[in-house]
Amino acid sequence: MTTTPTTASPGQQLLAQAQQLLADGDPAGASPLLLQARAEKDTMLAAHALIERHDLSGSFRNIMGLDCTISPADDIFGFFVGHPSSVNPLRDYLADGWRTLAELMAVMERVGQPLVQSRAFLEFASGHGRFTRHLVKLLGADKVTVSDVVPDAVDFAARTFGVQGFLSASVPEALAAPRQYDTVFVLSLFSHLPRGTWARWLQALYDTVAPGGMLVFSTHGIKAAQFHHVPLDAEGFFFAPSSESHAIDPNEYGTAFTTEAFVRARIAETVGADRLEYFAPVQFWNHQDVYVLRKKT
């Protein structure tokens, strides 16, 4: 039996040469090769990791002043790599986290609870840290807790950014948060939930909010539904078992669209309509609506 030899791609050849130079103690010689390897799709993330680890020319850490390590398992980074509008996925991914921070800060200012004053912040459905890294720079790791249903995501954030973390659950009622938080931020989870768990997750996450604190969550609203030509049902809801995640059952985490009326009805039947402090359409990414619930003191 014979095997056909495989030929390394241009990016792989550059990466191998750079790794040898690094092993030989020549980071200056490795740097331009890694920049070239970073421009190749198949070696982009590996070259990026070496540039960041060795603080070489072109490091995003030097530009942004934060840890720019990206997990190979990060589905959101994979989304940017495959998106036709992204000509520089690394830059777009890191900048998008910063954009989310700016958009959240604007929301918290409007409800009179500046984000910088948060003493205990829970980022729920946090993924592999697209937003977490920016939040840590603002608040400090000691004030940030993350939670996700994917164990590797929680482990990566804790190891890389120094935050606290706990594993989420597939069943809302099984969620076991170690404490309550003055700010609970849930970006793009309710835009993925099926009808059967939508309101149950709203209740479970509201329960993690400390008295006087805020639950901030986003949804795919009417603009997103119209853009994607989604046929909403009589209640203003649509769900499809498909998403960018490869780690979660699509029947539990697909893609959902909801009208404002649908969301307001779920708020009223769970925590009470009077808990809605603020609503704004297309607040995040010019694509997702935001709702802010304040818990009674």
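## His 128 and its surroundings

Contact means heavy atoms within 4.5 Å. The model described here is predicted. On that contact criterion, and not counting residues up to four places away in sequence, His 128 touches Ser 71, Ala 73, Asp 74, Tyr 93, Arg 133, Asp 152, Ala 153, Phe 156 and Phe 161. One of these, Asp 152, also makes a polar contact with His 128: their side chains are joined at 2.8 Å.

His 128 sits in the loop between β1 and α7. Is His 128 buried or exposed? Its relative accessible area is 7%. Buried means under 20%, so His 128 is buried.

## Helix α7

The loop that holds His 128 leads to α7. This helix spans residues 132–139 and is mostly covered, with 6 of its 8 residues buried. They are Thr 132, Arg 133, His 134, Leu 135, Val 136 and Leu 139. Arg 133 is also among the residues touched by His 128.

What do the buried residues of α7 pack against? Their partners are α4 (60–64), α6 (89–110), β1, β2 (144–148) and α8 (151–161). Just after the helix comes Gly 140, with a positive phi of about 95 degrees.

## The largest nonpolar core

The largest nonpolar core has 33 residues. Leu 215 and Phe 217 have the most contacts inside it. Six elements each supply at least two residues of this core: β1 (121–124), β4 (181–186), α9 (195–206), β5 (209–220), α11 (260–270) and β9 (288–294). The largest share, 6 residues, comes from α9. Another core lies apart from this one. That second core has 26 residues, among them Val 107, Met 108, Phe 121 and Tyr 278.

Which residues does Phe 217 contact, leaving aside its neighbours within four places in sequence? Val 186, Phe 190, Trp 198 and Leu 202 are among them. Val 263, Ile 267, Asp 289, Val 290, Tyr 291 and Leu 293 complete the list.

## Helices α2 and α3

Helix α2 covers residues 27–38, and helix α3 covers residues 44–53. They pack at an angle of about 145 degrees, with axes 7 Å apart. The crossing of α2 and α3 is left-handed. From α2, the contact uses Leu 34, Leu 35, Ala 37 and Arg 38. From α3, it uses Met 44, Ala 47, His 48, Leu 50 and Ile 51. By type, the contact residues divide into 7 nonpolar, 1 polar and 1 charged.

How many of the 10 residues of α3 are buried? The count is 7, and α3 is mostly covered. Those buried are Met 44, Leu 45, Ala 47, His 48, Leu 50, Ile 51 and Glu 52. They pack against α1 (10–23), α2, α4, α5 (75–82) and α6.

## Positive phi outside glycine

Asp 55 follows α3. Its phi is near 55 degrees, a positive value in a residue other than glycine. The residue lies in the loop between α3 and α4. Asp 55 is partly exposed, with a relative accessible area of 44%.

Trp 285 is another non-glycine residue with positive phi, near 60 degrees. Where is Trp 285 found? It is in the loop between β8 (276–284) and β9. Trp 285 is partly exposed, at 23% relative accessible area.

## Two buried small residues

Ala 224 is part of helix α10 (residues 222–227). At 1% relative accessibility, it counts as buried. Not counting residues up to four places away in sequence, Ala 224 touches Phe 257 and His 287. Its C-alpha atom is separated by 25 Å from that of Val 149, 75 residues away along the chain.

Gly 254 is placed in the loop between β6 (237–240) and β7 (255–258). Why does Gly 254 count as buried? Its relative accessible area is 0%, and buried means under 20%. From Gly 254 to Ala 158 the C-alpha distance is 26 Å, across 96 residues of sequence.

Definitions and conventions
Residues are numbered from 1 along each chain as its sequence is written. This is a predicted model: local features need pLDDT of at least 70, side-chain atom pairs count only at pLDDT 80 or more; totals for chains, interfaces and linings use all residues. Side-chain values use heavy atoms; hydrogens and water are left out. A nonpolar core is a set of buried Ala, Val, Leu, Ile, Met, Phe, Trp, Tyr and Cys residues joined through side-chain atoms within 4.5 Å. Buried means under 20% relative accessible area, exposed over 50%, partly exposed in between (1.4 Å probe, protein chains only). Helices (H or I, at least four residues) and strands (E, at least two) are DSSP runs, numbered from the N terminus. Axes are lines fitted to C-alpha atoms, for helices over the stretch in contact, and angles run from 0 to 180 degrees between N-to-C directions. A crossing is left-handed if the near helix is turned anticlockwise from the far one by less than a right angle, and right-handed if clockwise. Ala, Val, Leu, Ile, Met, Phe, Trp, Tyr, Cys and Pro count as nonpolar, Asp, Glu, Lys and Arg as charged, and the others, Gly among them, as polar. A polar contact is a pair of N or O atoms within 3.5 Å; within protein, one must be able to donate a hydrogen and the other to accept it, and residues adjacent in sequence count only if both atoms are side-chain atoms.
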